[in-house]
Structure formats: structure tokens, C-alpha cells
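Dear colleague,

I am passing on the structure below, followed by some notes for a reader who has not met it before.

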Amino acid sequence: LMRLALPDGTLAGPNMISAVAERHGRTSELDTWLVTAVLERLCANRDARDCVSMNLSGSAICDERFGAFLGDRLGDNRDLAGRLIIELGEADLVQLDNAAWILLRHLRRLGVRVALDGFGRGFGVVTQVRDGIFDFIKIDRLLVADLADEPVNRAAVTGVVALARTLGLPTVAEHVSDAAALPVLRELGVHYAQGKAVRPARAWPLADG
């Protein structure tokens with residue numbers, strides 16, 4: 001974890017450093033320095049077996065220049081790639097474009113492992129939902145997509161329904177474009193569906209009560 005010595009003798013932590021870098025558009029430079037420093041340390045200890053885990057920003061992963069730099073450096077040090085773990089936060093995933101996903105797959109082929117950092121942090125919104133402001137929970141289209149054939153999406157929707165049931169709130173599946181998803185949503189206990197698969201195109205009840 002990065003630290004920066006300040007003039008008053010205190011240390012700035014990684015949250016402060018990354019916030020300043022983000023504000024001034026310098027995250028790619030910061031992550032470039034980080035990768036360089038990490039690889040130098042690994043190169044100096046090639047006989048060691050320990051791994052180094054480092055957080056990279058989503059904006060840097062999407063930067064073509066940084067992606068090329070990272071791919072080149074690890075391509076030149078493939079023996080070290082297996083000792084490197086890249087961590088990305090949930091918020092960073094929203095920023096990733098198609099080129100960034102291609103880069104991550106390439107890095108994994110080189111031997112780099114990728115960790116999803118802070119998974120579930122988004123559920124912190126439950127505190128606000130619990131206050132009684134909301135009357136429905138709408139299930140995101142990305143979870144509804146390919147629901148009949150995608151077990152991961154099915155498991156995620158099951159979790160959302162269980163949480164909503166605990167909170168006493170009905171659920172609405174949005175952007176349902178595949179009719180095959182309707183019986184699955186009904187089976188999972190989702191109350192309403194919206195989307196092209198529903199006629200007329202409005203919230204259509206799936207369950208009684």
C-alpha cells in the first residue's frame with residue numbers, strides 16, 4: 001500500500017493519494033510507477049516465492065498506453081507474472097470498456113491473477129433501504145439477461161429476492177426481453193416483470209400477493 005511523506009512528517013495513505021491522482025487525471029502515471037516498482041522488487045528477488053497484490057484503478061486499465069506498458073512489461077517478465085495479483089474494486093468494473101476486458105484476459109494468460117476487491121460493498125445501500133423510503137426493488141437488466149441459461153445470474157437474482165423478502169419489499173425485473181426468463185423469474189419469486197417479453201409493456205405481475 002502506497003504511502004507519501006508529507007512536509008509535516010505525517011504519511012498520506014493510499015486513499016488520499018489515489019483521490020488526488022484521480023482529481024488531476026494522473027492515475028495512469030501513478031499505476032505505471034506502481035507496476036515499475038513492484039516488478040523491480042520482484043526482479044531483485046527472483047528466487048522468492050511470495051506474491052505481490054496491488055490495486056489498480058479502472059481508469060488506468062482503460063488507458064491504452066498503460067495497458068500497452070503493462071502488457072509489455074509482464075511479457076518481458078513472464079516468470080514473474082505468476083507472482084502478481086491485480087486487485088480491482090467493484091466501482092472500477094463499471095469503468096471497464098471492451099479493450100480493458102481484453103487486456104485483463106491477456107494478463108491472465110500470462111499468469112497474472114485478478115482479484116475483485118471489496119465485493120459486496122454495494123450492499124451497504126441496504127442501510128438506506130431499511131429506512132422505509134423505497135417501495136420496490138428493481139433487479140438490474142444485467143442480472144435478468146440470459147437468466148434461463150446463466151446459473152450465475154440466477155444465483156444473483158435469488159440473492160436479491162431473498163434480501164428484498166427480508167426487507168418486506170416487492171421485486172421488479174426490468175428489461176425482460178426473453179420470454180424464457182419469465183417462468184424462471186416466477187420460480188425465483190420475483191413479483192413483477194417489465195420489458196419486451198411482457199405484453200402490454202408495463203410491470204406485469206408474476207406472483208400472487
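Which side chain of opposite charge is nearest to Asp31, and how far away is it? Before the answer, please note that this is a predicted model, in which local features need pLDDT of at least 70 and side-chain atom pairs count only at pLDDT 80 or more, while totals for chains, interfaces and linings use all residues. Residues are numbered from 1 along each chain as its sequence is written, and side-chain values use heavy atoms, with hydrogens and water left out.

The nearest such side chain is Arg26, 12 Å away, and Asp31 has no salt bridge although it is buried (a salt bridge is a side-chain nitrogen of Lys or Arg within 4 Å of a carboxyl oxygen of Asp or Glu; Lys and Arg count as positive, Asp and Glu as negative, and His and the chain ends are not counted; buried means under 20% relative accessible area, exposed over 50%, partly exposed in between, with a 1.4 Å probe and protein chains only). Asp31 sits in helix α2 (residues 27–44), helices being DSSP runs of H or I with at least four residues, and strands runs of E with at least two, numbered from the N terminus. A polar atom of the Asp31 side chain lies 3.0 Å from the backbone nitrogen of Ser57. Beyond its neighbours within four places in sequence, Asp31 is in contact (heavy atoms within 4.5 Å) with Asn55, Leu56, Ser57, Ala60 and Phe66.

Phe66 is itself buried, with a relative accessible area of 2%. Phe66 and Phe69 are three residues apart in helix α4 (residues 64–75), and about one helical turn separates them.

With best regards

Conventions
Polar contact = N/O pair within 3.5 Å; in protein donor to acceptor, adjacent residues only side chain to side chain.
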